[in-house]
Amino acid sequence: MTRSQMFEAVKANIERIVEEAAGREITESTSMVDLGADSLQIVEVVSRSIKELRLKVPRTELASAQTVKDLLDLFERSAQQPAAR
Amino acid sequence: MGVVTPIGDTIETFWTSLVSGRSGIGRWKRPIDERCYARIGGDLSDFDLAAHLGRQPRYAPHLVKRCLSLMRASPLVPKLVAAAALQAYHDAGLPGFRDAGRIGHVMAGHNVNAGYIVQNVLTFHQSDPDYIEPLFGLLCLDTDVLAASSELLSLSGPSFTVGGACASGNMAILAALDLLRAGRAGAMLVSGAPIELEPVALHGWTMLEALSYQSFNDAPERASRPFDALREGFVPSECAGAVVLEPLDGARARGARIHAELLGAATTSDACRLTRPDLDGQVRAIQLALDDARVDAVDVDYINAHATSTRLGDAVEASAITRVLGERARRIPVNATKSMIGHCLSAAGVVEAIATVLQLTHGIVHPTINQEQSDPEIDLDVVPNRARHAAVSLALSNSFGFGGLNSSIVLGRFDA
């Protein structure tokens with residue numbers, strides 16, 4: 001799986017879940033907090049992305065991800081681990 | 001008032017179906033494990049909230065948008081309750097209510113998100129714990145159903161859920177009545193949430209011999225047959241209902257549309273955790289409700305029975321009604337809405353209160369359908385199979401829940 005594919009999954013979830021993002025451009029430097037997402041929306045975007053990409057990501061490391069780039073870096077590191085069932 | 005049922009998702013369509021004796025019971029639409037004994041019910045799993053909202057022309061677009069946004073990740077029951085609550089909110093003219101901080105919300109229901117919980121438990125074990133629904137921790141709660149509709153309608157008065165098993169609906173009405181009498185709120189939305197049906201609970205109720213599963217699987221619309229000699233158990237279903245309660249002075253002052261008067265309510269316990277109905281407990285609840293309403297049994301001219309289509313339950317209730325009303329019990333209509341909509345469990349009391357109000361308003365009593373063989377133990381006029389005109393003005397609506405939880409409410413026709 002490529003970083004680009006991971007980005008598309010995250011972007012699609014942001015657009016679907018974070019209504020405040022309507023019309024805004026989503027890039028790797030995007031911060032969901034800056035878009036106006038609340039804490040539940042962020043949990044949803046991240047968790048649905050992880051599930052769709054069949055990744056296993058340590059929850060403790062998620063807290064430090066501020067931007068989409070941070071999230072994708074974390075996803076890429078996790079993709080090198082054995083996938084979940 | 002507002003309803004979502006297998007026989008209509010508006011008050012108008014619900015009433016038309018009731019009068020015509022239409023059954024909402026069929027085979028399951030949702031996939032149910034083949035090993036589950038239960039095969040039939042009133043299944044709302046295919047409820048399309050967006051389509052339903054699209055058919056309500058008077059809803060403000062911002063409310064429709066807010067509703068769909070709030071319900072985006074939600075399971076079935078919050079959607080049903082929101083749909084019913086929106087109807088009641090508009091019907092009661094609440095958008096114009098002066099002090100929204102004084103409108104509270106009491107929701108009848110517990111274990112309502114059972115299907116959602118079972119699905120996520122399976123995902124946890126069969127797939128991966130991290131793959132459960134992201135918002136499961138919040139959405140699994142009964143209170144989320146309450147809170148989502150409260151946010152939708154900006155209700156900030158006293159708000160909580162009420163649990164009373166199959167009597168939850170009446171209990172919620174009673175709780176709201178008490179809050180209003182105590183001056184804690186200026187108006188109360190009372191919603192009734194069903195339990196999202198799933199195979200484990202259904203199988204469990206069948207194992208208790210409470211649920212119909214033997215004779216009517218090939219003719220589901222005949223299965224719910226309260227009072228009939230061939231009855232063999234309740235038929236589960238999903239319905240949601242909502243009513244707005246308000247003190248008469250306030251409702252009149254703001255020109256609200258008044259459907260009926262809630263005159264009183266009562267609840268008793270049998271101090272027994274079993275499913276067995278108790279004659280004395282039911283009699284007490286009915287009598288206390290009449291006392292609370294300050295009316296006499298002799299003035300009651302219609303009863304909406306709990307009547308779930310179980311052998312024992314229907315018989316005991318018939319005896320309780322006879323005990324309280326005496327001779328009069330045989331001469332007034334006593335019907336069972338559950339014959340058409342099945343048993344919507346925690347929502348039943350609210351939906352059946354609505355059915356009662358509609359009958360008071362229209363002067364027509366709906367039938368108890370599926371009356372094919374009368375039971376000599378049931379000496380009541382159950383309005384068999386066909387609706388008829390009846391200028392009824394004082395009604396009882398009973399609900400008796402597992403665990404000996406008895407309740408009755410008294411409703412009066414409102415003549416403006």
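**Exercise 1. The domains of chain B**

Task: State which domains the assignment gives for chain B, and describe how they meet.

Solution.
- Step 1. The domain assignment splits chain B into domain 1 (2-253) and domain 2 (260-413). The model is predicted.
- Step 2. Take the centres over C-alpha atoms: those of domain 1 and domain 2 of chain B are 21 Å apart.
- Step 3. Count the contact. Domain 1 of chain B gives 60 residues, and domain 2 of chain B gives 58 residues.
- Step 4. Find the elements on the domain 1 side. Those giving two or more residues are helix H1 (11-20), helix H8 (168-181), strand E6 (187-192) and strand E7 (240-245) of chain B.
- Step 5. Pick out the leading contributor. H8(B) gives the most to this side, with 8 residues.
- Step 6. Sort the domain 1 side by class. It has 35 nonpolar, 19 polar and 6 charged residues.

**Exercise 2. Where the chains touch**

Task: Work out how many residues chain A and chain B bring to their contact.

Solution.
- Step 1. Chain A supplies 11 residues and chain B supplies 8 residues.
- Step 2. On the chain A side, the classes are 4 nonpolar, 1 polar and 6 charged residues.

**Exercise 3. Helix H3 of chain A**

Task: Decide whether H3(A) is largely enclosed or largely open, and find what packs on it.

Solution.
- Step 1. Check the length. H3 (residues 39-52) of chain A has 14 residues. From first C-alpha to last it reaches 20 Å, close to the 20 Å expected at 1.5 Å a residue.
- Step 2. Apply the burial cut-off: a residue is buried if 20 or more other C-beta atoms lie within 10 Å of its own. In H3(A), 10 of the 14 residues are buried, so the helix is largely enclosed by the rest of the structure.
- Step 3. Name some of them. The buried residues include A:Ile42, A:Val45, A:Val46 and A:Ile50. Charged names appear too, among them A:Glu44, A:Arg48 and A:Lys51.
- Step 4. Look for the cover. It includes helix H1 (3-17), helix H2 (32-35), helix H4 (59-62) and helix H5 (68-79) of chain A.
- Step 5. Take H1(A) as one partner. H1(A) and H3(A) pack at an angle of about 145°, with axes 9 Å apart. Their crossing is right-handed.
- Step 6. List the residues that meet. A:Ala9, A:Val10, A:Asn13, A:Ile14 and A:Ile17 in H1(A) face A:Gln41, A:Glu44, A:Val45, A:Arg48, A:Ser49 and A:Glu52 in H3(A). By class, this contact has 5 nonpolar, 3 polar and 3 charged residues.
- Step 7. Read the spacing within the helices. An α-helix has 3.6 residues a turn, so residues three or four places apart point the same way.
- Step 8. Follow the chain onward. Just after H3(A), A:Arg54 has a positive phi of about 55°.

**Exercise 4. Helix H4 of chain B**

Task: Find how many residues of H4(B) are buried, and what follows the helix.

Solution.
- Step 1. H4 (residues 76-91) of chain B has 16 residues. Its reach is 23 Å, close to the 22 Å expected.
- Step 2. Of the 16 residues of H4(B), 14 are buried, so the helix is largely enclosed by the rest of the structure.
- Step 3. B:Gly93 follows H4(B), with a positive phi near 70°.

**Exercise 5. Two positive phi values in loops**

Task: For B:Ser154 and B:Val383, say where each lies and whether it is buried or partly exposed.

Solution.
- Step 1. B:Ser154 has a positive phi near 55° and is not glycine. Its loop runs between helix H7 (142-153) and strand E5 (159-162) of chain B.
- Step 2. B:Ser154 has 14 other C-beta atoms within 10 Å, so it is partly exposed.
- Step 3. B:Val383, also not a glycine, has a positive phi of about 55°. Its loop runs between strand E11 (364-365) and strand E12 (388-389) of chain B.
- Step 4. B:Val383 has 24 other C-beta atoms within 10 Å, so it is buried.

Technical notes. Residues are numbered from 1 along each chain as its sequence is written. Chains are lettered from A and ligands numbered from 1 in the order in which they are written. This is a predicted model: local features need pLDDT of at least 70, side-chain atom pairs count only at pLDDT 80 or more; totals for chains, interfaces and linings use all residues. Two residues are in contact if their C-beta atoms, placed from the backbone, lie within 7 Å. Domain bounds come from an automatic or database domain assignment. Helices (H or I, at least four residues) and strands (E, at least two) are DSSP runs, numbered from the N terminus. The expected span of a helix is 1.5 Å times one less than its number of residues. A residue is buried if 20 or more other C-beta atoms lie within 10 Å of its own, exposed if 12 or fewer, and partly exposed in between; C-beta atoms are placed from the backbone. Axes are lines fitted to C-alpha atoms, for helices over the stretch in contact, and angles run from 0 to 180 degrees between N-to-C directions. A crossing is left-handed if the near helix is turned anticlockwise from the far one by less than a right angle, and right-handed if clockwise.
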